[in-house]
Amino acid sequence: MRNLKLLKSLRSSELQGPGSPQCFSVRADTGSLLIASQYCITEYDPRTGQVISEASLTADGFLPEDGSGVVVGLQDLAELESACLATAGGDVVLFNLNTCQLECVGSVDRGLTSMSWSPDEELVILTTGQETIIMMTKDFEPITEVGIHQDDFGEGKFITVGWGKKETQFHGSEGKQAAQRKIQVQPAVSWDDHRPRVTWRGDGQLFAVSAICPQTGARKVRVWNREGVLQATSEPINGLEQALCWKPSGSLIASTQRHPNKHSVVFMEKNGLLHGDFALPLSKDQAKVKELLWNSDSAVLVVWLEDMSCLRSAVQLWTVANYHWYLKQSLEFGPDPQKVPVCVCWDPERPLRLHVVTRSWTSITYDWGWTTERSTGLDATDNASVAVIDGEKILVTTFRQCVVPPPMCSFELQLKSPVNQVTFLCQPEGTNQLAAFTADGQISIYTQVIFCLRSEVEVDGVVVSVVHSSQTGTVALQLEDGRIRKLIWGQQTYLYSCVLATDPWGGGSAFFFLVSLAVKKQQSLLEICAFVSAYFQLASSVSSFAICNDFLLVTTHSHTCRCLQLRLQAALASDGGQNDQNDETLRRVERGSRIVTVVPQDTRVILQMPRGNLETIHHRALVLAQLRKWLDSLKFRDAFECMRKLRINLNFIYDHNPKAFLENIETFIKQLSSINHINLFLTELKEEDTTGSMYPRSESSPVQPQPASKQKKVDVVCDALRSVMESMDPNKFCLSILTAHVKKTVPELEIALQKVHELRENPPKAPGAVSAEEALKYLLFLVNVNDLYDYSLGTYDFDLVLMVAEKSQKDPKEYLPFLNMLKSLEPNYQRYTIDKHLKRYRKALHHLSKCGEEHFPEALQLVKEQKLYSEALRLYSADSAHYKTLSCAYAEHLVEQQQAEQAGLLLWRCGEPARALQAFATSSSWRNAICVAQQIPLPPDQLALLARDLAEKLNEQRRYSEAALLLDQYAKDCEEAILALITGASWEEALRLIYMHNRQDITETNLKPAILEAVNTQTSFLEAQVGTFTRHKTRLAVVREQKEKARLDMLDEDGPDCADAELYSEASSVMTNSKYSHSNSRISSRSSKNRRKAERKKLSLKEGSPMEDRALMFALAEIITTVDKMREEVHNLLKVLVLFQFDKQAEKLQLTYDEALQMMEAAVPEVWPEGLQTSQAPLTGPNSTANSIMASFQQQQRPAASQQGQHNVFL
């Protein structure tokens, strides 16, 4: 539904050569024109009006001096920097564009009738006066010469197997005689010049020749391949004319045919068969078609017409869509013979640039652009009209009312002359009015409702642009000569005046005024992008665009439709949906889709597919913007209907502005009115905030305040809606109230069932009220029938249970015996049975505890099965026998759970000291065990035995001091107590017991040997730690040196501006030449404990491992921490060494420990450089890497050794 808009027209009349132009060509590299006449060849630049080069064709005898010579062909050869021309006399001449020299490269005695070069300029076809074809290379070496007229069909001759014969085909009402009738071909028309026409396919593999058949006198088309072999011959076509042009895309060959009642353009396939046509808007014998010309992208077909009665000429531009041909532009040239075109040619580089040269040497260059003429209203009164030019008709489609696929339309406007331009009024409330400019210079204005003609104004000149200002009410017309005329829209009259193009107009130059209007009108892609590119970073692959309200919509060649806000910050913040799958600005569309229009104040976007059909989409950005407007203005019904139709999550109604929704719930209910709609809204409620996930807000939109309540969103909305509906009309909104109860995060099914029961007991008398049966049936739709049955059973209301069961699919034989059995039970036991059936064991235990003494064993069994010990103890008094029984059972359970100490406390409390003592002894709780033993009381020998058993267990647990206390005080065995203290390195406490019990013999036999052994052990351990520390530190330096070298090598390869250089820090593991993989994607799904374990596994000390440097730093930190923790132990050992005069051993240990501390303290800055010590907090966040997080973690783990001074262990 696009039109061709004339963007620029350049007319140049400075060139005045001898004779009249006969052929011309366009230089692709410079854009200058090569024009050949019967006297000379000229290279002319129409932009500057200067002659670049010129050479006489008569001086060297290539053409006669009397002007009777004819140039039959002219071609620019870019590779040779020359122009090749052929004369009717038979000469082929090269014109050097640099030296302006002419060179005859060949001559044909029989004369030449045409010359045509292949698109790749490798071959040239010459047709001679003897009806032959000469094929030559670009070096003018002959390849072959064949006759134009061949008796054979060609290599592509059809194969007939019999059943496809014409005699056997159905001929309709014409009968069998049609099979015998032969086609009568009339000779060519009188004005035919009888010259062959040659045209190449776009890929240069085939060419077609149209020539007069000697036998019939009519034209026939033959197709030849690149080797000069005939491929096919066209079928006899009566009235076929001289025009011939092969579509560059290679599908069709265009020609013209004159019928008894019409004149049409016909298309042939490469096999010579006809394939479609369209009629020209001409009467019989009104005009002749001189030439047909396809543009370079096969989108536009030029038909060059010449009136038969006068010298008037016209150039028509035709396009096709949906198999319908549209006349988009009609350029008419007056009756002046000097203004008649003699040469017409498309530009080889720019598909929509056309060059015309008149008989008076005037050159005209037309530049067209594709545009969609749409109404530009911003309110709902605009019909979203689109106007399509089709010759003398304007096809108008109003997309607000309906979507009519082309070539059909809502209605047609018939004019008296072909339409060249159309535009809509920009004034508010008048955007449905349009103005049309026709080829005869008339402007027609049509009103809004019935589109009747209001006025016509004649314009003197060729109009190349029409725009309108809504502020001044002026239509601006730009003429091809540079003048600007303005037309003021009035109520009754129209003021028509002329102003200079350079005069200030409306506060600025005319150029700026026109450009700004063009942007406002969206006249062309080039003009709008000149404005938009200053504010938006649009892709270069934009294929179409439209502006609607606050949005710019564009389609791209990557098959997407972008909807950008017309605000600089919002546009720059958009990343094109690359990082967010819920990006509302981006939508995939069908390949080749283009925007036709956007319906104002609506969500519809009309797209046209490459094949011509239309599709309506609702772009998510437009939909959400419209929904936000409706919700802000509290138009809940409009928003709900739109969201329901376009499948937008209904949670957006609340999430957009929770505070406003909760404050206007009554308005929401009144607008929706429908119970089904309210129920639909309730059933779609979710805890998810759709404005943060599915439909994120733009950065420029304000953040709506969230309610301060700590309740969940679903519960808040359900409670608010239910409260308002109950206050408005509980009978009318009964089903919605039930839905609000059921939809809560913890469904209130019992309350819902109770409301149903109330409806059954007290049926409402209001008309249209919901009955209990309807309410229950609706509940069964929302909730699983088995769940609802269980909930009803849990109410202990058998009438309600029966009501639910009757509406379900349950078999009465299943539930009636069970219900009858329950009715026969005592109330508490009945409820216990129901709760146990529903697996509500706590309630069941509560009811069973009220059933009497005879049911206590059953309660005890329930407690043991379901482990309800704590609940059971609360139900019985502490002095009862049942409490003691439950406590003993609980203690047995705790012992099984390896919680013997708690079991002992429970048994001690309930008066079972013997069992409590056993539990405490099992758990090594020796203090409680001694207390219970003395409470029993135990005899002294049994108490001593108990103390020895407990001390043995404590020794096994390395609790030597506690074991020594038991042995000394309760077992009365001081020697064992002293040995336990010596084993635990409690030297001072051991000395105390030795002197207290006067056992100095133990000093020599046990204490001193143990001290010396401890010295040797500590010294050996420190030496091993120092050796390991030194080895790890040396290896760390080597690893860091290797990584730094690898990083520098990478910088040398990629240059100083390598984007990844900053990723390779000296502590990074990226650049290691390791065979181990860095990634472990499975870790993300593990628990935190397993993740920590996996991280530790990464820290391998094996040489060449991915994170060896991290592992080394971690190991060094562990060594420093271990050595630092030895301070107290070494201090105590040194004191007893000095006491017993082991000075040498003490000095050695002191020195070894001191050297270890100093060495490690000095190594701290080397192991942890300054760069790793800048931050004490873990470095996390979206921009952090695994290595940076590990470095931060290691920094936290570094011990405090670097911050503490050297301490003397004696002091």
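Helices α12 and α13 are roughly antiparallel to each other, because an angle over 145 degrees counts as such and theirs is about 155°. This pair is a convenient place to enter the structure, which is a predicted model. Helix α12 covers residues 734-743 and helix α13 covers residues 749-761. Their axes lie 8 Å apart, and the crossing is left-handed. On the α12 side, the residues in contact are Cys-734, Ile-737, Leu-738, His-741 and Val-742. They meet Leu-749, Ile-751, Ala-752, Lys-755, Val-756 and Leu-759 of α13. Sorted by class, this contact has 9 nonpolar residues, 1 polar and 1 charged.

A second pair of helices lies further along the chain, at residues 900-909 for α23 and residues 913-922 for α24. Here the packing angle is about 160° and the axes are 8 Å apart. That angle makes α23 roughly antiparallel to α24. Their crossing is left-handed. From α23, the contact takes in Ala-900, Glu-901, Ala-903, Gly-904, Leu-905, Leu-907 and Trp-908. From α24, it takes in Arg-915, Ala-916, Ala-919, Phe-920 and Thr-922. The class count for α23 with α24 is 8 nonpolar, 2 polar and 2 charged residues.

The next elements are strands. Strands of a sheet pair through backbone hydrogen bonds, and the pairing can be parallel or antiparallel. One open sheet has 4 strands in the order β41-β42-β43-β44, with antiparallel pairing. Its edge strands are β41 (542-548) and β44 (586-588), each of which pairs on one side only. On average, neighbouring strands of this sheet are turned by 20° against each other, with direction ignored. Strand β43, at residues 560-565, is joined to β44 by 3 bridges. Within that pairing, Cys-561 stands opposite Arg-587 of β44. A helix also packs on this sheet: α5 (residues 620-632) touches β42 (551-556) and β43. The direction of α5 makes about 165° with that of β42.

Another open sheet is made of 3 strands in the order β45-β46-β47, and its pairing is antiparallel. At its edges stand β45 (594-598) and β47 (614-618); each has a single partner strand, so one side of each is left without a neighbour in the sheet. From one strand to the next, the twist averages 35°. Strand β45 is joined by 4 bridges to β46, which spans residues 604-608. One residue pair in this arrangement is Arg-594 with its bridge partner Gln-608 in β46.

A hairpin is found at lower residue numbers, where β12 (residues 132-137) and β13 (residues 142-147) run antiparallel and are joined by 5 bridges. Met-135 stands opposite Thr-144 in β13. Between the two strands of the hairpin there are 4 residues, and Phe-140 takes a positive phi near 60°.

There remains the question of confidence. The chain averages a pLDDT of 81, and 81% of the residues score at least 70. Some stretches score lower. Over residues 568-573 the pLDDT stays under 50, and the model gives this stretch 8 contacts beyond four places in sequence. The pLDDT is also below 50 over residues 1055-1086, a stretch with 47 contacts in the model beyond near neighbours in sequence.

Technical notes: Residues are numbered from 1 along each chain as its sequence is written. This is a predicted model: local features need pLDDT of at least 70, side-chain atom pairs count only at pLDDT 80 or more; totals for chains, interfaces and linings use all residues. Side-chain values use heavy atoms; hydrogens and water are left out. Two strands pair if DSSP finds at least two bridges between them. Axes are lines fitted to C-alpha atoms, for helices over the stretch in contact, and angles run from 0 to 180 degrees between N-to-C directions. Contact means heavy atoms within 4.5 Å. Angles under 35 degrees count as roughly parallel, over 145 as roughly antiparallel, 65 to 115 as roughly perpendicular and the rest as oblique. A crossing is left-handed if the near helix is turned anticlockwise from the far one by less than a right angle, and right-handed if clockwise. Ala, Val, Leu, Ile, Met, Phe, Trp, Tyr, Cys and Pro count as nonpolar, Asp, Glu, Lys and Arg as charged, and the others, Gly among them, as polar. pLDDT is the predictor's confidence in each residue, from 0 to 100.
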